[in-house]
Amino acid sequence: WSASTNTGNYGSAEILDGRRSSFGVAVATGCGGKAKASPGSAIVLVHRDDDGAIVHIRAAIAGKDVKADTWYSLDATGEFYEVTP
């Protein structure tokens with residue numbers, strides 16, 4: 001039940017399938033951040049404007065709200081979108 005966090009710009013956070021650690025949370029709060037999580041874990045992402053102010057913050061459960069084991073970022077409208085690693 002771990003957490004992975006990254007506050008730097010263009011950083012990434014990831015929760016890997018580790019059985020009991022599959023209920024973790026991957027959090028990326030910097031500009032252009034991305035996150036991915038194993039089934040049952042969650043991702044939390046922030047979208048910031050050009051000045052760094054928070055415009056949107058959103059959470060999802062992998063395997064329910066978004067695909068598991070898939071990298072996501074948050075767009076300017078607050079929607080998740082798939083990104084490459």
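**Exercise 1.** Determine which residues Thr70 touches, not counting residues up to four places away in sequence, and establish whether Thr70 is buried or exposed.

*Solution.* Step 1: a contact requires heavy atoms within 4.5 Å. With residues up to four places away in sequence left out, Thr70 touches Ala35, Lys36 and Glu82. The structure is a predicted model, in which local features need pLDDT of at least 70, side-chain atom pairs count only at pLDDT 80 or more, and totals for chains, interfaces and linings use all residues. Residues are numbered from 1 along each chain as its sequence is written, and side-chain values use heavy atoms, with hydrogens and water left out.

Step 2: Thr70 lies in the loop between strand E6 (54-61) and strand E7 (72-74); strands here are DSSP runs of at least two E residues, numbered from the N terminus.

Step 3: Thr70 counts as buried because its relative accessibility is 15%. The term buried denotes under 20% relative accessible area, exposed over 50%, and partly exposed in between (1.4 Å probe, protein chains only).

Step 4: a polar atom of the Thr70 side chain lies 3.0 Å from the backbone oxygen of Ala68.

**Exercise 2.** Characterise Asp69 by its location, its phi and its exposure.

*Solution.* Step 1: Asp69 is also part of the loop between E6 and E7. Step 2: although Asp69 is not a glycine, its phi is positive, at about 55°. Step 3: the relative accessible area of Asp69 is 46%, so the residue is partly exposed.

**Exercise 3.** Identify the members of the largest nonpolar core that touch the most other members, and state what surrounds Phe80.

*Solution.* Step 1: a nonpolar core is a set of buried Ala, Val, Leu, Ile, Met, Phe, Trp, Tyr and Cys residues joined through side-chain atoms within 4.5 Å. Step 2: the largest such core has 14 residues, of which Ala26, Ile43, Leu45, Val66, Tyr72 and Phe80 touch the most other members. At least two residues of this core come from each of strand E2 (12-15), strand E3 (25-28), strand E4 (34-37), strand E5 (42-48) and E7. Step 3: beyond four places in sequence, the residues touched by Phe80 include Ile43, Leu45, Val66 and Tyr72, as well as Arg58 and Ser73.

**Exercise 4.** Describe how E5 and E6 are joined.

*Solution.* Step 1: strands pair if DSSP finds at least two bridges between them; E5 and E6 run antiparallel and are joined by seven. Step 2: Ala42 stands opposite Ile61 in E6. Step 3: the two strands form a hairpin with five residues between them, and Gly52 in the turn has a positive phi of about 90°.

Technical notes: Helix = DSSP H or I, 4+ residues; strand = E, 2+ residues; numbered from the N terminus. Polar contact = N/O pair within 3.5 Å; in protein donor to acceptor, adjacent residues only side chain to side chain.
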